[in-house]
Amino acid sequence: MIRDITIGQYYTAESVIHRLDPRIKIVGTLIYMISLFLFHKMSGYAAAILFFLFVLFLSRVPFSFSVRGLRPIFLMLIFTAFLNLFWTEGEVLLRIGALEITKEGIWKMAYISLRLILLILGASIMTLTTTPNDLTAGMERLLSPLKIFHAPVHEIAMMMSIALRFIPILIEETNRIMKAQMARGADFESGNILRKLKNMLPLVLPLFVSALRRANDLAQAMDARCYHGGKGRTRMYPLYFKGIDIVACFICMLYLAALYLTVRFLPI
Amino acid sequence: MSLILDHVGYIYGKGTNEEKRALDDVSLEIKEHEFIALIGRTGSGKSTLVQIFNGLEQPSEGTVYFNGRDISDKDFNKRELRGKVGLVFQYPEHQLFEETVIKDVQFGPGNMGFRPLDVEMYAFQALKDVGIGDELLDVSPLVLSGGQKRRVAIAGVLAMQPEILVLDEPMAGLDPVGRREILALLQKLYREKGMTIFFISHNMEEVAEVAGRVLVMDKGKIVLDGPPAKVFQYQKELEQIGLGVPQTVTLAGHLEERGWSFSEKPVTVHEMAAEILEKWNGGKNDS
C-alpha cells in the first residue's frame with residue numbers, strides 16, 4: 001500500500017558526507033552534474049564513476065540503496081538508449097530492416113546512458129545524506145543574495161520545508177482514512193479507471209478536509225509564536241563551515257583537476 | 001459470533017532495517033454477547049490488534065478464525081468479514097465524506113451489496129440507534145458537533161449490521177457529555193441489541209463501569225484478561241506497565257490501610273457506594 005513509498009529518501013547513517021554543510025553538498029552536486037557535460041571520452045566517465053563510488057563509500061549508503069533512485073527513470077533510460085542506438089548517422093555495423101546500428105550510435109548510447117545514470121546517482125547522494133530540513137536551509141542561504149531583488153527566498157524555503165514536513169503526515173493520514181473506508185467495505189483496487197476514480201472520493205474528500213484543517217492549525221500555531229516572515233529571523237542551528245567542509249571543497253577541486261587531466265591526456 | 005486469535009504475531013516493516021514487533025503471540029477468544037474493554041499504553045499494539053480482527057492487517061504469524069473459519073483463506077470474503085466485524089477507527093468523524101448524514105451512513109451497507117431498500121432501512125435504523133434525530137438526516141456531516149459527528153460515524157458502521165462492534169478509543173477527544181453519550185450508546189447496543197462490543201479505552205473508570213471483561217496489553221502481549229473486579233486487583237502490576245486503576249480501587253486501597261476489609265475491591269462507583277453505605281449503616285447498628 002501507500003506506506004511503502006519513501007519520499008525524501010533520507011538514509012540515516014553516521015558519515016562524513018552526512019555531516020557536511022548542506023551548502024557544500026548542493027554546490028558540489030551541481031559542480032559534479034555540470035562536469036558530466038564537459039567531456040566526450042570514456043576515460044572521463046571512468047573518472048566520474050570513480051569519484052561517485054568514492055563519495056558513496058564515504059557516505060556509508062549501501063550501493064543497492066543508492067541505485068534505487070534509478071527505478072523511476074528506467075523507462076526513459078531504455079527509451080533514450082534505443083533512440084540513440086538506431087538514429088545516429090555513421091559507419092553502419094548492422095542492419096535490421098530499416099534500422100541501422102552504427103558505431104557512433106553505440107558510443108552515443110553508452111555516453112548518454114552513463115551521463116543520465118550518473119546525473120541521477122549524483123543527485124541522489126545529496127538527497128540520501130541530507131535531511132530535507134538541512135536541504136532547504138542550505139538552499140535558503142545559497143539563494144539569499146537574490147533578496148536584493150526582492151525575491152521571497154525565505155518564504156519559498158519555508159513553504160518547501162513545510163511541504164516536505166507534511167508529506168509523511170499526509171501519507172499516514174491517507175493510510176488511516178483508506179483503512180477506515182475499507183472497514184466500511186470500500187474497494188480501492190478493482191474496477192476500470194472511471195470506477196476507480198469514483199471510488200477514490202471517500203478517500204480524497206476527507207483527506208482534503210483534514211489537510212485544510214491541518215494547514216489552518218499550523219498557521220495559527222505559527223501566528224501564536226509571532227511568526228512574521230523571514231525578516232530578522234535567526235536560526236537555532238546556524239550553518240557554518242567546518243574543517244571537513246573545506247576539505248570537501250578541496251576534494252571537489254581535485255576531482256575537477258583530475259577529470260581535466262584524464263580527458264586531456266588519455267586517448268579515449 | 002465467535003472470533004478466535006490463535007498465537008497471532010505482527011511485525012511492521014518486515015525485512016527492512018526498521019522492523020518493529022507490534023503483536024507477540026496473542027491468543028484470544030471473543031464469544032457471543034461479550035462486552036470487552038482493551039487497555040494498554042500507546043504503542044502497546046492495541047490498534048494493530050483490532051485491525052487484525054477484520055482482516056485489514058494480515059498477521060505475520062498465527063491464525064484468525066471468524067465463526068470457525070480461517071479468515072486468511074483465499075475464498076474467504078474479506079468484504080463480508082468487514083461488514084460482520086464492524087470496526088470504528090479512532091476519530092471516525094474524519095472519514096465522513098458525503099454531502100448529507102444519511103448518505104454517509106448508507107455508504108457502508110451500500111458496499112455490502114444489500115438491496116437498496118434494506119440499505120435505507122439499515123441506515124435509518126442505525127441513526128435512530130445512535131440518537132441522531134430526523135432533522136439532522138439531510139444536513140452536511142461537517143456542520144454537526146463533535147459528539148454528533150462521532151455518533152454518525154458509528155452509525156455508518158452499525159448500518160452494515162455487524163455481529164461485533166469494535167471501537168478504537170471511541171471516547172477520545174470528546175467532552176464529558178459526548179463521552180457519556182457514547183458510553184450509554186455502547187451499553188444500549190450491548191443490552192438491547194445483544195451485540196458483542198469490543199472497545200479500546202484509556203479511561204479506567206469508564207472501563208470499570210461498563211465492561212464485563214478487561215484485556216490488558218503491554219508490549220504486544222495480552223498480560224491480563226478477566227472481569228474488571230479481578231483485573232483491577234493487580235494495581236501494582238498495572239502501574240508498573242504505565243497504567244492505573246479506577247479511583248474506586250485506589251479509594252478501596254486507602255480504606256483497607258485504615259482497617260476496612262473487602263472480600264473483593266469494588267470497581268464501579270455504584271458498588272463502592274453500596275459497600276460504604278453498608279459499612280456505615282452496619283457500624284451504626286453496632287453502637
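**Exercises on the interface and the empty spaces**

In this predicted model, the area buried between chain B and chain A comes to about 1800 Å², and carbon and sulfur atoms give 57% of that area.

**Exercise 1.** Determine which three residues of chain B supply more of the area that chain B buries against chain A than any other three, and state how many residues each chain brings to the contact.

*Solution.* Begin with the residue counts: chain B contributes 22 residues to the contact, and chain A contributes 18 residues. Next, look at how the area is shared on the side of chain B, where B:His94, B:Gln95 and B:Phe97 supply 32% of what chain B buries against chain A, more than any other three residues.

**Exercise 2.** Describe the polar and charged links between the two chains, and then work out which elements of chain B face chain A.

*Solution.* Start with the salt bridges, of which there are three between chain B and chain A. A:Arg184 forms a salt bridge with B:Asp104, and the closest N and O atoms of this pair are 3.1 Å apart, which lies within the 4 Å cut-off for a salt bridge. Across the interface of chain B and chain A, seven residue pairs are in polar contact, both residues being at pLDDT 80 or more. Then turn to the elements: strand 1 (3–12), helix 2 (78–84), helix 3 (101–111) and helix 5 (146–158) of chain B each give two or more residues to the side that touches chain A, and helix 3 of chain B gives the most, with four residues. Finally, sort that side of chain B by class, which yields 11 nonpolar, seven polar and four charged residues.

**Exercise 3.** Locate the largest cavity and name the residues that line it.

*Solution.* First count the cavities of 30 Å³ or more, which gives one; the largest cavity has a volume of about 70 Å³. Its lining is made of A:Arg176, A:Ile177 and A:Ala180 together with B:Phe89, B:Gln90, B:Tyr91, B:Pro92, B:His94 and B:Gln95. By class, this lining has five nonpolar, three polar and one charged residues.

**Exercise 4.** Characterise the second largest pocket by its volume and its lining.

*Solution.* The second largest pocket holds about 1000 Å³ of space and is lined by 33 residues, with A:Asn133, A:Asp134, A:Ala137, A:Arg235 and A:Tyr237 nearest its centre. Helix 1 (16–19), helix 7 (132–143) and helix 8 (153–183) of chain A each supply at least two of the lining residues. Sorted by class, the lining of this pocket divides into 12 nonpolar, 10 polar and 11 charged residues.

Terms used. Residues numbered from 1 in each chain as written. Chains lettered and ligands numbered in written order. Predicted model: local features only at pLDDT ≥ 70, side-chain atom pairs only at ≥ 80, totals over all residues. Heavy atoms only, no water. Contact = heavy atoms within 4.5 Å. Buried area = accessible area lost by both parts, 1.4 Å probe. Salt bridge = Lys/Arg side-chain N within 4 Å of Asp/Glu carboxyl O. Polar contact = N/O pair within 3.5 Å; in protein donor to acceptor, adjacent residues only side chain to side chain. Nonpolar A, V, L, I, M, F, W, Y, C, P; charged D, E, K, R; others polar. 1 Å grid on protein atoms, 1.4 Å probe; cavity = no way out; pocket = protein on both sides within 12 Å on 5 of 7 lines; lining within 4 Å. Points joined across faces, edges and corners; volume = space filled by probe spheres on them.
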